[in-house]
Every structure is written in C-alpha cells, then in structure tokens.
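Here are my notes on the ligand site and one charged pair. Have the structure open while you read.

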Amino acid sequence: MQQTLSIIKPDAVKKNVVGKILDRFESNGLRIAATKKIQLSRADAEAFYAVHKERPFFGELVEFMISGPVVVSVLEGENAVAKNRELMGATDPKEAAPGTIRADFAESIDANAVHGSDSLENAAIEIAFFFARREIL
Ligand code: ATP
Ligand code: MG
C-alpha cells in the first residue's frame, strides 16, 4: 500500500471538473485518504516547487499555482505513486495518452490540470507539506 499527493491545479478547479478528476482516482483503485481546497500563497508555491527554482519556467509556474484555489488530496492504494502518474498522463497534454486526465482536461504544459508526486520519497515530503497526520484517514 502506498500514499501519494495529488493537486488539482487552478485551471481544472476553475473549469469545475474537480469531481470528474477525483472520480478517475476512485474508479481506478485509488482511495481518497484526505482532501481539501486551499489557496496557495506565493511562499507556499515557491516552497512546494523549490526543486524547479533554477528552471526558466519557475516564475510562471508559481504565478499559475497561485492564480486560484487548488484541491490537494492524499491518494492511497497499491502502487499509488505510479498509478496516479499513469492516470495523469504526460506533463505536456499534447503528448498525454488518450483517456488520461491531462489529455481530457488540460490545455497546455503550464496549465496541465494536475500534479502528482513523482516518487515514494517525494510523496511523503509533499503529503507532510499539506496535511497533518490526523487529517489522513
Ligand atoms: P507536476 O510536478 O506538476 O506533477 P510533472 O512532474 O509532470 O508535473 P515537472 O517536470 O515536475 O512535471 O514540472 C512541474 C510543472 O512545471 C509541470 O507540471 C508544468 O506545469 C511545469 N512545466 C514543466 N516543464 C515546463 C515547460 N517546459 N514549460 C512550462 N512549464 C513547464
Ligand atoms: Mg513533478
């Protein structure tokens, strides 16, 4: 059993497809162990994406992530980290496989609907960033 962190990004929240995206997780063997809608501060977004600090798109990425509320969730299941990444599809929605969340709900590489932890180690760090232990059930 693994846990992973999912973020439904501001573009997808604005499009009102939160329920449709959460359904993809539940319909594919993942359980929602925690979820909440929050507005990230600039400091939150900069800290969360600190690994990308030196990348040319960092500024735009932070602006986008604070452009509206996000829905953060802890997903639990067998191989949850890889399973979530598979359901999300490629970072660039143009390259995302048909039927994936990004293929169906994302417009561009910057507004790409969802985030998912990329390793078990980062999943633990990202979950702790957003949730207290008593919120994960
Ligand atoms: P995420 O971390 O959001 O789940 P990812 O792991 O598929 O996405 P990363 O390489 O970690 O992709 O990039 C983080 C985010 O930065 C991407 O989701 C995307 O929004 C943005 N990004 C990545 N590459 C580019 C790029 N070349 N131009 C613009 N934005 C980019
Ligand atoms: Mg990533």
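1. A word on classes to begin with: Ala, Val, Leu, Ile, Met, Phe, Trp, Tyr, Cys and Pro count as nonpolar, Asp, Glu, Lys and Arg as charged, and the others, Gly among them, as polar. By that split, the shell around ligand 1 has 5 nonpolar, 5 polar and 4 charged residues.

2. Bear in mind that this is a predicted model, where local features need pLDDT of at least 70, side-chain atom pairs count only at pLDDT 80 or more, and totals for chains, interfaces and linings use all residues. Residues are numbered from 1 along each chain as its sequence is written, chains are lettered from A and ligands numbered from 1 in the order in which they are written, and side-chain values use heavy atoms, with hydrogens and water left out.

3. Which residues come nearest to ligand 1? Of the 14 around it (a heavy atom within 4 Å), they are Lys-9, Tyr-49, Thr-91, Asn-112 and His-115. Helix H5 (80-88) and strand E4 (114-116) each give the shell at least two residues; helices (at least four residues) and strands (at least two) are DSSP runs, numbered from the N terminus.

4. Now the oxygens of ligand 1. One lies 2.9 Å from a side-chain N or O atom of Asn-112, and for Arg-102 the corresponding distance is 3.2 Å. At Gly-116 the partner is a polar backbone atom, 3.1 Å from a ligand oxygen.

5. Away from the ligand, Glu-76 and Arg-31 form a salt bridge at 3.1 Å, N to O (Lys or Arg side-chain nitrogen within 4 Å of an Asp or Glu carboxyl oxygen). The pair ties strand E3 (residues 70-77), home of Glu-76, to strand E2 (residues 31-38), home of Arg-31, across 45 residues.

Notes: A polar contact is a pair of N or O atoms within 3.5 Å; within protein, one must be able to donate a hydrogen and the other to accept it, and residues adjacent in sequence count only if both atoms are side-chain atoms.
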